[in-house]
Amino acid sequence: MAKRKTATAKTTTAKTANAADTITSPETAETIATDTGAEIVLQTNFTMIEQDAVALLHAASLLVEADTPEKANVALDHNLRLWVAIKTVLQNEENTLEPAVKANLRNLAQYVSTTTMEATKGSIEAAKLVSLSRINMHIAEGLLRGQQNRMVQERAYEIWEREGRPDGREMDHWLRAETEIAEMLQQR
């Protein structure tokens, strides 16, 4: 079980900045060097579904793989920065997410913050790391599924228009669109 050492915000930031020096694993050092999850979300305004999902999945994998105190520190810090970025872009008026979705994501951001702060007071249970990683995985999956549904809807509409807008064929158009989109996504 990884224990997270007590640290102030200043020492945590210093640890993160110098983590490549304190962590012996080359994969972990490389992860820190390419730590762009928060930057991706800030750049995309949480509207580039695939990039945002990858950032969430990367943070989830760091949390799941955290088997030492140092790795737990890095994973928790990375995840917290990601969720602070998500909460920040949700406050942007240009963000097009539905108000209910924004509210749910803000609540999740608060849970992530609270859980991470609890970890600074001592040890963090593996179950908490898994919980945080599952949140990220579920949000990433939801983002991708929502994008796929939008693609199917748009394709079904195109089929309907191409066929002269017939009545009563919605299900046929939807099923054809689902098949086409599924095939297209498998080819990626």
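Author: Let us start with how an angle is taken here: axes are lines fitted to C-alpha atoms, for helices over the stretch in contact, and angles run from 0 to 180 degrees between N-to-C directions. The model in question is a predicted one.

Reader: Thanks! Why are H4 and H6 called roughly parallel to each other?

Author: The axes of helix H4 (residues 37-44) and H6 cross at roughly 10°, and angles under 35 degrees count as roughly parallel. H4 and H6 therefore earn that description. Their axes also come within 8 Å.

Reader: Which residues of H4 and H6 meet?

Author: From H4 come Gly 37, Ala 38, Val 41 and Leu 42, and from H6 His 78, Arg 81, Leu 82, Ala 85, Ile 86, Thr 88 and Val 89. This contact has seven nonpolar, three polar and one charged residues.

Reader: What makes H6 and H7 roughly antiparallel to each other?

Author: Helix H6 (residues 69-90) and helix H7 (residues 99-119) have axes that cross at roughly 150° and come within 9 Å. The cut-off for roughly antiparallel is an angle over 145 degrees, so the label holds for H6 and H7. Their crossing is left-handed. Among the residues that meet are Leu 76, Leu 80 and Trp 83 in H6 with Leu 105, Leu 108 and Val 112 in H7. By class, the residues of the contact of H6 with H7 divide into ten nonpolar, four polar and three charged.

Reader: Why are H8 and H9 said to be oblique to each other?

Author: The axes of helix H8 (residues 126-162) and helix H9 (residues 170-187) cross at roughly 125°. Roughly perpendicular covers 65 to 115 degrees, and roughly antiparallel begins over 145. H8 and H9 fit neither class and are therefore oblique. Here the crossing is right-handed. The contact includes Met 151, Ile 159 and Trp 160 of H8, and Trp 174, Ile 181 and Leu 185 of H9. Ten nonpolar, four polar and five charged residues make up the contact of H8 with H9.

Reader: What makes the aromatic pair of Tyr 157 and Trp 160 tilted rather than stacked or edge-to-face?

Author: The angle between the planes is 45°. Stacked would need under 30 degrees and edge-to-face over 60, so tilted is what remains. The centres are 5.4 Å apart, which satisfies the limit of 6.5 Å for a pair. Both residues lie in helix H8, three residues apart, about one turn of the helix. A search of the whole structure finds one aromatic pair.

Reader: Where does pLDDT stay under 50?

Author: That happens over residues 1-35, for which the model has 55 contacts beyond four places in sequence. Where pLDDT is low, the predicted coordinates should not be read in detail. For the chain, the mean pLDDT is 77, with 78% of residues reaching 70 or more.

Methods: Residues numbered from 1 in each chain as written. Predicted model: local features only at pLDDT ≥ 70, side-chain atom pairs only at ≥ 80, totals over all residues. Heavy atoms only, no water. Helix = DSSP H or I, 4+ residues; strand = E, 2+ residues; numbered from the N terminus. Left-handed = near helix turned anticlockwise from the far one by under 90°. Contact = heavy atoms within 4.5 Å. Nonpolar A, V, L, I, M, F, W, Y, C, P; charged D, E, K, R; others polar. pLDDT = per-residue confidence, 0-100. Phe/Tyr/Trp six-rings, centres within 6.5 Å; stacked < 30°, edge-to-face > 60°.
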